[in-house]
Amino acid sequence: MLSPGNAALTGWEREILRLIAKGTSNRQVAVVLFISEAAVKSHLTHSYGKFGVKDRAAAVVAYERGILG
């Protein structure tokens with residue numbers, strides 16, 4: 001992993017990562033949260049930058065370890 005960014009996760013980013021960590025697809029997350037799949041992808045991309053990671057799996061690991069709050 002790269003060095004994490006300084007910004008804390010938003011409520012959307014935390015909720016999306018919580019669902020992704022359970023194995024939920026982007027499409028399913030979008031349906032559950034009543035947002036577009038593009039919005040899910042955008043929030044995930046922002047969280048990657050905040051965690052300093054390049055992919056979904058690494059972001060989930062960082063989220064589960066509580067690297068950012």
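# A four-helix chain, step by step

Ser 47 sits in helix 3. This is a predicted model, and Ser 47 makes a convenient place to enter it. With a relative accessibility of 1%, Ser 47 counts as buried, because the cut-off for that label is under 20% relative accessible area. Apart from neighbours within four places in sequence, Ser 47 is in contact with Leu 9, Glu 13 and Leu 17. One of these residues, Glu 13, belongs to helix 1, and Glu 13 will come up again below.

From this residue we can step back to the whole chain. The structure contains 4 helices and 0 strands, so that the order of elements along the sequence reads α-α-α-α. The chain has 69 residues, and 36% of them are buried. The surface that the chain exposes is about 4,100 Å², with 56% of that area supplied by carbon and sulfur atoms. Contacts can also be sorted by how far apart the partners are in sequence. Taking contacts between residues at least 6 apart, 62% of them join residues at least 24 apart.

Next comes the interior. The largest nonpolar core has 18 residues, and those touching the most other members are Ile 16, Val 29, Val 40, Leu 44 and Phe 51. Each of helix 1, helix 2, helix 3 and helix 4 supplies at least two residues of this core. Val 40 can serve as an example of the packing. Leaving out neighbours within four places in sequence, its contacts are Ile 16, Asn 26, Val 29, Ala 30 and Ile 35. Two of the names in that list, Ile 16 and Val 29, also appear among the core residues that touch the most other members.

Helix 4 shows how a single helix is placed against the rest. This helix covers residues 56–64, and its buried residues are Ala 59, Val 60 and Ala 62. Viewed down the helix axis, these buried residues fall within an arc of 165 degrees, so they line one face of helix 4. The cover over them includes helix 1 (11–21) and helix 3 (37–51). On the face turned away from the buried side, helix 4 carries the exposed residues Ala 57 and Glu 64.

The two ends of helix 4 have features of their own. At the N-terminal end, Asp 55 acts as a cap, with a side-chain oxygen 3.3 Å from the backbone nitrogen of Ala 57. Just after the helix, Gly 66 takes a positive phi of about 70 degrees.

A positive phi also occurs in a residue that is not glycine. Most residues other than glycine have a negative phi. Phe 34, however, has a positive phi near 55 degrees. Phe 34 is located in the loop between helix 2 (26–33) and helix 3. Its relative accessibility is 76%, so Phe 34 counts as exposed.

The last topic is charge pairing. Side chains of opposite charge can pair when their charged atoms come close. The whole structure holds 3 salt bridges.

Which residue forms a salt bridge with Glu 13? The partner is Lys 50, and the closest N and O atoms of the two are 2.8 Å apart. This pair links distant parts of the chain, since Glu 13 is in helix 1 and Lys 50 is in helix 3, 37 residues apart. Both Glu 13 and Lys 50 are buried. Glu 13 is also one of the residues in contact with Ser 47, where this account began.

Another salt bridge joins the side chains of Arg 18 and Glu 15, at 2.5 Å from N to O. These two residues are 3 apart in helix 1, which means that about one helical turn separates them. Residues three or four places apart in an α-helix point the same way, because the helix has 3.6 residues a turn. Arg 18 is partly exposed, with a relative accessible area of 31%, and Glu 15 is partly exposed at 26% relative accessibility.

A further salt bridge is formed by the side chains of Glu 37 and Arg 27, at 3.6 Å from N to O. Glu 37 lies in helix 3 and Arg 27 in helix 2, so this pair ties together parts that are 10 residues apart in sequence. Glu 37 counts as partly exposed, at 27% relative accessibility, while Arg 27 is exposed, with a relative accessible area of 58%.

Technical notes: Residues are numbered from 1 along each chain as its sequence is written. This is a predicted model: local features need pLDDT of at least 70, side-chain atom pairs count only at pLDDT 80 or more; totals for chains, interfaces and linings use all residues. Side-chain values use heavy atoms; hydrogens and water are left out. Buried means under 20% relative accessible area, exposed over 50%, partly exposed in between (1.4 Å probe, protein chains only). Contact means heavy atoms within 4.5 Å. Accessible areas come from the Shrake-Rupley method with a 1.4 Å probe; for residues, only the protein chains shown count as cover. The arc is that of the directions from the helix axis to the C-beta atoms. A polar contact is a pair of N or O atoms within 3.5 Å; within protein, one must be able to donate a hydrogen and the other to accept it, and residues adjacent in sequence count only if both atoms are side-chain atoms. A nonpolar core is a set of buried Ala, Val, Leu, Ile, Met, Phe, Trp, Tyr and Cys residues joined through side-chain atoms within 4.5 Å. A salt bridge is a side-chain nitrogen of Lys or Arg within 4 Å of a carboxyl oxygen of Asp or Glu.
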